Amino acid sequence: MSATLVRFGAALFFTLAVAPGFVRPAAAEAIETRIERQGEYITVSASALMQVDARIAWEVLSDYDNLARFIPDMTSSRAVSRSGNRVRVEQKGKFGFFFYSQPVDVLLEVLEVPPHRIDARRIAGNIRELETRYELGTSAAGVRFDYSGRFIPDFSVPPLIGMPIVRRIVERRFRAMVEEIVRRDALERGRPKD
């Protein structure tokens, strides 16, 4: 067996079996994710229940200019224009995990329905199709944060390992969003009242 094949096998094993343990838990919030193929589309969903102020959650979700500070593999995010509740957001980064990586450059048209929902769709970039929705709901149990989306990349997602890679990326990014909401909520609660 060649050394290259052994290294590839070891990297694949690490990615699929060991790497999930490197995703930090989010302040005890349970996060559920679901990823599947539907024809050409890859569909994703994730949800978490958090004990936070819904206003803080909305501020984090709509903080387009600072998303790259805490979302893994996002190198830049900025609102390029705004007209009422419509925002154009440009995002750059990479899509990948360990040995597989593709650059991502996308321009989104975002529709805000404050303080409950953000819908976004791709209008330009190297993702052929992209539609996403973030939703916030409140109840006595806390703030429920739901994400759903579907996309067709303009680059190949490797067979066999592609869906596990997508799952890891979605879990990491969603968890980062939850952790930022929890972090900002804790900072807000620690501030003295005026």
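Two strands are said to pair if DSSP finds at least two bridges between them, and this idea is the starting point for reading the sheet in this predicted model. In strand E7, the bridge partner of Ala120 is Thr132, and that link belongs to the pairing of strand E6, residues 117–125, with E7, where five bridges join two strands that run antiparallel. E6 and E7 form a hairpin, with one residue standing between them.

Before following the sheet further, it helps to see the whole chain. The protein has three helices and eight strands, and from the N terminus on its elements run α-β-β-α-β-β-β-β-β-β-α. Of its 194 residues, 42% count as buried. Among contacts between residues at least 6 apart in sequence, 54% join residues that are at least 24 apart. Confidence is uneven along the chain: the average pLDDT of the protein is 83, and 78% of the residues score at least 70, but over residues 1–28 the pLDDT is below 50, and this stretch has 31 contacts in the model beyond near neighbours in sequence.

Returning to the sheet, strand E7, residues 127–139, also pairs with E8 in the antiparallel sense, here over twelve bridges, and these two strands form a hairpin with two residues between them. Strand E8, residues 142–153, is in turn joined to strand E2, residues 41–50, by nine bridges, and E2 and E8 run antiparallel as well. One can therefore trace a path from E6 to E7 and on to E8 and E2, since strands count as paired once at least two bridges lie between them.

Thr132 is a useful residue at which to pause on this path. Thr132 is found in strand E7, and besides its link to Ala120 it has Gly149 as its bridge partner in E8. Gly149 also stands opposite Val44, a residue for which the pairing of E2 with E8 provides the setting. Is Thr132 buried or exposed? At 13% relative accessibility, Thr132 counts as buried, because the limit for that class is under 20% relative accessible area. Leaving aside residues up to four places away in sequence, Thr132 touches Ile118, Asp119, Ala120, Tyr147, Ser148 and Gly149. One place before Thr132 in the numbering, Glu131 stands opposite Arg150 in E8, and the charged end of Arg150 sits over the ring of Tyr41, 3.8 Å from its centre.

The next feature to consider is the interior. In soluble globular proteins, nonpolar side chains tend to be buried together. Here the largest nonpolar core has 44 residues, of which Phe145 and Met177 touch the most other members, and helix H3, residues 162–190, gives the most to this core, with ten residues. Not counting residues up to four places away in sequence, Met177 touches Val60, Leu61, Leu67, Phe70, Ile71, Tyr134 and Phe145.

Two of those contacts of Met177, Tyr134 and Phe145, lead on to the aromatic rings. The structure holds three aromatic pairs. In one of them, Tyr134 and Phe145 are stacked, with 6.0 Å from centre to centre and 20° between the planes. Tyr134 lies in strand E7 and Phe145 in strand E8, so the pair ties together parts that are eleven residues apart in sequence. How accessible are the two partners? Tyr134 is partly exposed, with a relative accessible area of 24%, whereas Phe145, at 0% relative accessibility, counts as buried.

Phe145 also takes part in a pair with Phe174, and because the planes of these rings stand at 20°, with their centres 4.6 Å apart, this pair too is stacked. The pair links distant parts of the chain, with Phe145 in strand E8 and Phe174 in helix H3, 29 residues apart. Phe174 counts as buried, at 4% relative accessibility. Taken together, Tyr134, Phe145, Tyr147 and Phe174 form one aromatic cluster, and Tyr147 is also among the residues that Thr132 touches.

Note on methods: Residues numbered from 1 in each chain as written. Predicted model: local features only at pLDDT ≥ 70, side-chain atom pairs only at ≥ 80, totals over all residues. Heavy atoms only, no water. Helix = DSSP H or I, 4+ residues; strand = E, 2+ residues; numbered from the N terminus. Core = buried A, V, L, I, M, F, W, Y, C linked by side-chain atoms within 4.5 Å. Buried < 20%, exposed > 50% of the residue type's maximum accessible area, 1.4 Å probe, protein only. Contact = heavy atoms within 4.5 Å. Phe/Tyr/Trp six-rings, centres within 6.5 Å; stacked < 30°, edge-to-face > 60°. Lys NZ or Arg CZ within 6 Å of the ring centre and 35° of its normal. pLDDT = per-residue confidence, 0-100.
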